Amino acid sequence: MGAQYYGADSENGDRVDDPSEDALFMMISDLNDSDNTFVVVQPDEDDPVWFASVAVLDEGGYETVRRDTTRNEHEVTTSTSINDIARDLTVWMSARNISAR
């Protein structure tokens with residue numbers, strides 16, 4: 001694994017190290033529009049080269065931001081399916097780790 005450890009942190013202070021798809025699903029499911037509006041996943045290192053975030057949208061659904069400076073990637077998508085978001089993030093994070101070997 002490239003970044004040996006990465007973590008998911010939510011606005012309310014919850015943290016999961018090396019989150020699985022199921023853990024991401026649970027963290028996103030716990031989001032609300034008042035005091036727990038986002039989750040950020042990134043390597044546990046100074047100045048991480050990639051991150052992903054999921055935030056609750058005012059009009060419903062979620063906005064996902066994926067950024068990887070080593071690949072010059074910056075993508076913003078919206079979705080209402082927590083299953084799809086958790087799966088897509090898991091696949092995306094796996095590609096970050098494989099390429100960094």
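I began with Y62 in this predicted model, and I looked up what Y62 touches once residues up to four places away in sequence are set aside. I noted I28 and L31, then V54, A55, V56 and L57, and further along T77, T78, S79, T80, I82 and I85.

I next looked for Y62 in the nonpolar interior, and I found it among the residues with the most contacts inside the largest nonpolar core, together with L24, I28, V41, V54 and M93. That core has 18 residues, and I traced at least two of them to each of β1 (6-10), α1 (21-29), β3 (38-43), β4 (50-56) and α2 (82-99). Which element gives the largest share of this core? I recorded α2, which supplies six residues.

For the overall fold I read the order of elements along the sequence as β-β-α-β-β-β-β-α, that is, two helices and six strands. The radius of gyration is 13 Å, close to the 13 Å that the globule rule gives for 101 residues, so I entered the protein as being as compact as a globular protein of that length. I also noted that the C-alpha trace spans about 40 × 25 × 25 Å along its principal axes.

Turning to contacts between residues at least 6 apart in sequence, I found that 42% of them join residues at least 24 apart.

I closed with burial, surface and charge. Of the 101 residues, 34% count as buried, while the protein exposes about 5900 Å², with carbon and sulfur atoms supplying 44% of that area. I listed 7 positive and 22 negative side chains, and the centres of the two sets lie 10 Å apart.

Key. Residues are numbered from 1 along each chain as its sequence is written. This is a predicted model: local features need pLDDT of at least 70, side-chain atom pairs count only at pLDDT 80 or more; totals for chains, interfaces and linings use all residues. Side-chain values use heavy atoms; hydrogens and water are left out. A nonpolar core is a set of buried Ala, Val, Leu, Ile, Met, Phe, Trp, Tyr and Cys residues joined through side-chain atoms within 4.5 Å. Buried means under 20% relative accessible area, exposed over 50%, partly exposed in between (1.4 Å probe, protein chains only). Helices (H or I, at least four residues) and strands (E, at least two) are DSSP runs, numbered from the N terminus. Contact means heavy atoms within 4.5 Å. The radius of gyration is taken over C-alpha atoms; the globule rule is 2.2 Å times the number of residues to the power 0.38. Accessible areas come from the Shrake-Rupley method with a 1.4 Å probe; for residues, only the protein chains shown count as cover. Lys and Arg count as positive and Asp and Glu as negative; His and the chain ends are not counted. The place of a charge is taken as NZ of Lys, CZ of Arg, CG of Asp or CD of Glu.
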